[in-house]
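The following exercises practise the reading of helices, strands and pockets from a three-dimensional model. Each task is followed by a solution in steps.

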Amino acid sequence: MSAGESWTLDELKKLIGDVIRPGRFFVSRDLQLTWEAPTEEEIPWELFRGQLLPARFTRETRRFLAWNIYKWENETRSDEPLLSVKLDQERGEIHVVRGILAYVWEPYDTGGNIIESREVTRWTRELVGTLCWQDYSSANDLCRELVELVHQSVIGTSRLPLNSVESPLPVFQLGKLAFLPQRAHCAEPAGDWRDLMELGIRNSAGAFEAFLHSLEGKDLKKVIWKVANLARRGEESPLLLLNQCYQLLNNISLTPYTSFTDNMLSLLRVLVDRGELPLSLYLGFLCSWINLICRHLTAYDLITFHHRGANYPDALVLDVTLNEVLLFAERSPEHFQRDGPSEQELDRRQRRRALLQGCLLRRFYEGLPVPDAPTSPGENARVLPAPYARV
């Protein structure tokens, strides 16, 4: 098929159904989702500067063939689909939309011709992206772009989440949902951390991030034991795991602040203690993370940008990572000292530099008033479950 040729409805339905199929998702056991068959719907639809207007602000409607995934809680279905792919046959477009339970403001009549506003919780729709299928010459190209949009609807469109659509879905950050394109031939969603671990260690940083988010305290020892045994038998190398951690450095979004960082460091630390991961590589990873956080907090400091709290999680990660480096510096000072093999002096110098920068920045921010909890403007507009308090 060449660009510009028409697609048949059956071809589009097959392609979209394959992308949104349950087998491409990880769904935790305490999250209840339902995949609905493609349905015709007519809903309010109007864009303003690339964003969907709330239904109460528009009288325009559009007709779609929609693939909807709904969330259920307390036997009640969400007012909006958690994820939705909408096919507009008339305009030749495919839209990827997601639903967020958020705090919004609405007007109400208090009587006497007085209109006031109040804050309420309501499901809101966010347009993640739009594809025009006539721009694609093959099903593989269109499928690849649609997979990427669905993936962004779960993890957010940016990892510096200054507004809601750039932030990940709360259920992703809490380790309850992940999109796994690699499971293209599976019929049922993955429901166990073991599935995420196998995908994440081998070839998917996204699956590995979801794996770390999904871990709970009772699972951590099982995970460490399993990964260590795989490494001992040579089936999986801890270096692959460390490589996935490196890929996450530039990609993770740390709000709401969960046990993600502690889970990752606990896993790597035990591998070091058991001799499966060289300490020099682990220290290199920690120092790389400190350097990255220092650059970030220098560009977006906690004073100029602090009123929104968007960089508060970086300060927490800096504190945790710096304490980890100091722990190993006391146990193995030879990895930081000046005297030693000349061929390793460059590595030791980089570690000392990271340690110095981290300590200076940590001291600079010590005593600075901070919000009650880590947040960002995008996250602070969402309704999150306990114990995540709204700032």
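**Exercise 1. Determine which residues of helix H11 are buried, and describe the surroundings of this helix.**

Solution. The model is a predicted one.

Step 1. A residue counts as buried when its relative accessible area is under 20%. In H11, this applies to Glu345, Arg348, Arg351, Arg352, Ala354, Leu355, Gly358, Leu361 and Tyr365.

Step 2. The cover over these buried residues includes H9 and H10.

Step 3. The length can be checked as well. H11 has 21 residues, which should span 30 Å at 1.5 Å a residue; the end C-alpha atoms are 30 Å apart, so the two values agree.

Step 4. After H11 comes Gly367, which has a positive phi near 85°.

**Exercise 2. Describe the span of helix H9 and state which helices its buried residues pack against.**

Solution.

Step 1. H9 covers residues 279–299. From its first C-alpha to its last it reaches 30 Å, close to the 30 Å expected at 1.5 Å a residue.

Step 2. The buried residues of H9 include Leu279, Tyr282, Phe285, Trp289, Asn291 and Leu297. Cys287 and Cys294 are also buried.

Step 3. The buried residues of H9 pack against four elements: helix H7 (238–248), helix H8 (260–273), helix H10 (312–331) and helix H11 (345–365).

**Exercise 3. Work out how strands E8, E9 and E10 are joined.**

Solution.

Step 1. Strand E8 (residues 83–88) pairs with E9 in the antiparallel sense, over six bridges. Within this pairing, Val85 has Val96 of E9 as its bridge partner.

Step 2. E8 and E9 form a hairpin with four residues between the strands. In its turn, Gly92 has a positive phi of about 70°.

Step 3. E9 and E10 also run antiparallel, and 18 bridges join them. One example is Pro107, whose bridge partner in E10 is Ser117.

Step 4. The hairpin of E9 and E10 has two residues between its strands, and Gly112 takes a positive phi near 70° there.

**Exercise 4. Is Gly99 buried or exposed, and which residues does Gly99 contact?**

Solution.

Step 1. Gly99 is located in strand E9.

Step 2. Gly99 counts as buried because its relative accessibility is 1%.

Step 3. Neighbours within four places in sequence are set aside; Gly99 is then in contact with Glu80, Pro81, Leu82, Trp123, Thr124 and Leu169.

Step 4. Sequence and space can now be compared. Gly99 and Leu83 are 16 residues apart in sequence, and their C-alpha atoms are 6.3 Å apart.

**Exercise 5. Describe the lining of the largest pocket and of the second largest pocket.**

Solution.

Step 1. The largest pocket has a volume of about 720 Å³. It is lined by 28 residues, and the closest to its centre are Leu52, Pro54, Thr124, Arg125 and Glu126.

Step 2. Strands E5, E9 and E10 and helix H12 each supply at least two lining residues of the largest pocket. E10 gives the most, with seven residues.

Step 3. By class, the lining of the largest pocket has 15 nonpolar, seven polar and six charged residues.

Step 4. The second largest pocket holds about 470 Å³ of space. Of the 25 residues that line it, the closest to its centre are Ser28, Asp30, Gly175, Ser214 and Glu216.

Step 5. Helices H4, H5 and H6 each supply at least two residues of the lining of the second largest pocket, and H6 gives the most, with three. This lining has eight nonpolar, eight polar and nine charged residues.

Key. Residues numbered from 1 in each chain as written. Predicted model: local features only at pLDDT ≥ 70, side-chain atom pairs only at ≥ 80, totals over all residues. Heavy atoms only, no water. 1 Å grid on protein atoms, 1.4 Å probe; cavity = no way out; pocket = protein on both sides within 12 Å on 5 of 7 lines; lining within 4 Å. Points joined across faces, edges and corners; volume = space filled by probe spheres on them. Nonpolar A, V, L, I, M, F, W, Y, C, P; charged D, E, K, R; others polar. Expected span 1.5 Å × (residues − 1). Buried < 20%, exposed > 50% of the residue type's maximum accessible area, 1.4 Å probe, protein only. Contact = heavy atoms within 4.5 Å. Pairing = 2+ DSSP bridges.
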